[in-house]
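This report describes a protein model together with its ligand, beginning with the ligand and then turning to the chains and to some unusual points of the backbone.

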Amino acid sequence: MRNFLLYHNNIAKSIHNSNKKGRTALIPFITIGFPTIDSTVPIVKKLEENGADVIELGIPFSDPLAEGLTIQRSSQIALENGVNLNKCLEIVKKIRSEGVKTPLVCMGYYNPILAKGINKFCEEAADAGIDGLIVADLPSSEAKLLVTATKKHEISLIPLLALTSNEDSIKLACKFASGFVYCISVLGVTGARKKVNSKVKELVKKVKVYTDIPVAIGFGISKKEHIIEIGKYADAAVFGAALIEFILSNKKNLPEKNAEIFIRNLSKKNDQIGKNYENSWR
Amino acid sequence: MEYYKDNQIPDQNGRYGDYGGQFVPETLMAALSELTQAFEAIVNDRNFSEQLNSLLKDYVGRPSPMYYARNLSQALGGEIYIKREDLNHTGAHKINNAVGQVLLAKKLGKNRIIAETGAGQHGVATATVCAQMGLECVVYMGEEDIKRQAPNVYRMRELGTKIVSVTSGTRTLKDAINEAIRDWVTNVQNTHYLIGSAVGPHPYPKIVREFQAVIGKESREQILEKLGKLPDYVVACVGGGSNAIGIFSGFLSDLTVQLIGVEAAGEGLNQKHAATMARGKPGVLHGSMSYLLQDEFGQVLEAHSISAGLDYPGVGPEHSYLKDTERAKYVSATDEEALSGFKLLSKLEGIIPALEPAHAIGYMQSWVRKLPKNSVIILLLSGRGDKDLETVSNILNEKI
Ligand SMILES: Cc1ncc(COP(=O)(O)O)c(C=O)c1O
């Protein structure tokens, strides 16, 4: 039963396959329409070719209150480029039409989804080729409507859990979680950090009591050492701000070239970790 | 309207009908439930109310007077009474909430206070109470507002508060709140976020209403004492809605009293403005569902008002509910009308109003004429205008 559920879900399956090879699954995040509207498709292709197991696409929002400076800025640039929710879905379609098979997860804020209509959004997102959805300002206790709509349209709703989450929130989130559970490793906003907060280990442990689906860790992840560290107790690592900073800092390269260099570097040593696959599913 | 009498608003999920709720990053949920519990505990705590009331009396200077504005009444018609929140310590209603929440933060054992501010009145009130109680205080203020409310920036500095200039987004109140929330997510374990208006995730709108309700309670008693009857109208300006909900709450179950909130129409409702309920649609910003100025794709629009305190694209969830249930009516006044109200009250009554409540006066200039002759109106003067003198004289080109 467990395997059936896992293999039925593209996102969990992809993470699982990576883990089977002894790797920590890699989930890069990139804001749609950053640095230009035309860069998203080639960036996503390069990420897929160079080791991404799931790709997170940021829907830009005017008031991204869970983001640090880097992702705020990428969001702002994307909005100035004329990105809106319709444009995001168009770009996702284009990504799919160019043959990208990697599971795609959208991460955004609640208001743009509300403005379109929860059901309409889920329908259009599924149609465009979105596999999963993360909403940064929608805690599990407010997620009822979205749980129903994502189920109906077979999109995975991926809950965020925090170091401060209590038992009840963890239980509730694990009940509807699909694809993976996203554990936030820091008290704070997104943005590259020097070290992985070891407290997140406790959180992952608690989450694994309530669910068999993969657990990813994100916020602050910026280098290979972090991925190796995370691989000891979780199944996947999400990184965004560090990738975006790398794209911004090496202006000589095309954005997709930078994305390639960045993820290759994280991916390279990753398969030497010797991740204990059996353990990762307990 | 029975709903108000049994105190079921908001419900236990912090909902005012469809409005309100808790739309925040997961990291903050534990702090919100801790805050809810602490708040429910102090509401019935004798000790707490004694402490609060003594500070309100001796430090803030309550009760604030209810003044019969004879000259204004003669000029505009009606019988106009002014509730004088401008006479509070620090010059606005904001300190009522600041005193209450700082006491609450102490209960929670949090020794660092953060706040956002637009006009600077809430920042000053928070800085003041933190100075008095010896707490660390950080205030987030938009770069734009730091320029147009300079006197309040000086005051906060003298009070020992750190001011963080917010340069993201619109550089006004909206982005100051974003920054404050980001700080809170990061420092949630030792920090209380002291929100200055009836906005934000549950339980904030309820907490702020509770601490501002003293305005409504006093007003009701004072008008009954003076006239032996209730007013026909209560008029207040609405930014996030704290002064308005404070006075409205005293009259919600008096169905004969018409409640009127005045939003900022800026350059006009078809130009740049901050008239959230007149022109917005329900949406989610800063933790709650409420009317919101937004584009068709759900991006939040920049608000505009001459007054920094009303320059906000959202509004407290209870006002959205009061609007939809028609218990209160929301209107608007332009920058120009506010300036005219500012001048009028100064000249006729010798009271220089803040630009925020000057919107209510501006609205009354055309509206009161249409009312039956002896209509009794309470105008809530939420703050005094010293902070706005420079803005006003610049705009009207009056050289010092
Ligand atoms: C004097 C005064 N009145 C009104 C307001 C608007 O806020 P609210 O609608 O929360 O009362 C402010 C805000 O800064 C203010 O300083």
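## Polar contacts of the ligand

In this predicted model, an N or O atom in the side chain of Lys94(B) lies 3.1 Å from an oxygen atom of the ligand. Ser197(B) also reaches an oxygen atom of the ligand, with a polar side-chain atom at a distance of 2.5 Å, whereas the side chain of Ser382(B) places an N or O atom 2.7 Å from a nitrogen atom of the ligand. The ligand has 390 Å² of accessible area on its own, and the protein covers 97% of that area.

## Surroundings of the ligand

There are 18 residues around the ligand, and those that come nearest are Ser197(B), Gly241(B), Ser242(B), Asn243(B) and Ser382(B). Two of these residues have already appeared above, since the side chain of Ser197(B) approaches an oxygen atom of the ligand and that of Ser382(B) approaches a nitrogen atom.

When the residues of this shell are sorted by character, eleven are polar, five are nonpolar and two are charged. The space that the ligand takes up is the largest cavity.

## The two chains

Chain B contains 16 helices and 14 strands. Its radius of gyration is 19 Å, close to the 21 Å that the globule rule gives for 400 residues, so chain B is as compact as a globular protein of that length. Taken along the principal axes, the box filled by the C-alpha atoms of chain B is roughly 55 × 50 × 45 Å.

Chain A is built with 14 helices and nine strands. For its 282 residues, a compact globule would have a radius of gyration near 19 Å, and the 17 Å of chain A agrees with this. The C-alpha atoms of chain A fill a box of roughly 45 × 40 × 35 Å along the principal axes.

## Backbone features of chain B

Most peptide bonds are trans, and most residues other than glycine have a negative phi. Against that background, the bond joining Arg62(B) and Pro63(B) is a cis peptide bond, with omega at about -5°; Pro63(B) has its place in the loop between helix H3 (46–60) and strand E3 (66–68) of chain B. The peptide bond from His202(B) to Pro203(B) is cis too, with omega near 10°, and Pro203(B) belongs to the loop between strand E8 (191–193) and helix H10 (204–227) of chain B.

Thr90(B), a residue other than glycine, has a positive phi, near 75°. The loop that holds Thr90(B) runs between strand E4 (79–84) and helix H5 (94–107) of chain B.

Conventions:
Residues numbered from 1 in each chain as written. Chains lettered and ligands numbered in written order. Predicted model: local features only at pLDDT ≥ 70, side-chain atom pairs only at ≥ 80, totals over all residues. Heavy atoms only, no water. Near = heavy atom within 4 Å. Polar contact = N/O pair within 3.5 Å; in protein donor to acceptor, adjacent residues only side chain to side chain. Areas by Shrake-Rupley, 256 points an atom, 1.4 Å probe, with all protein chains shown as cover. 1 Å grid on protein atoms, 1.4 Å probe; cavity = no way out; pocket = protein on both sides within 12 Å on 5 of 7 lines; lining within 4 Å. Sits in = over half its atoms within 2 Å of the grid points. Nonpolar A, V, L, I, M, F, W, Y, C, P; charged D, E, K, R; others polar. Helix = DSSP H or I, 4+ residues; strand = E, 2+ residues; numbered from the N terminus. Rg over C-alpha atoms; globule rule 2.2 N^0.38 Å.
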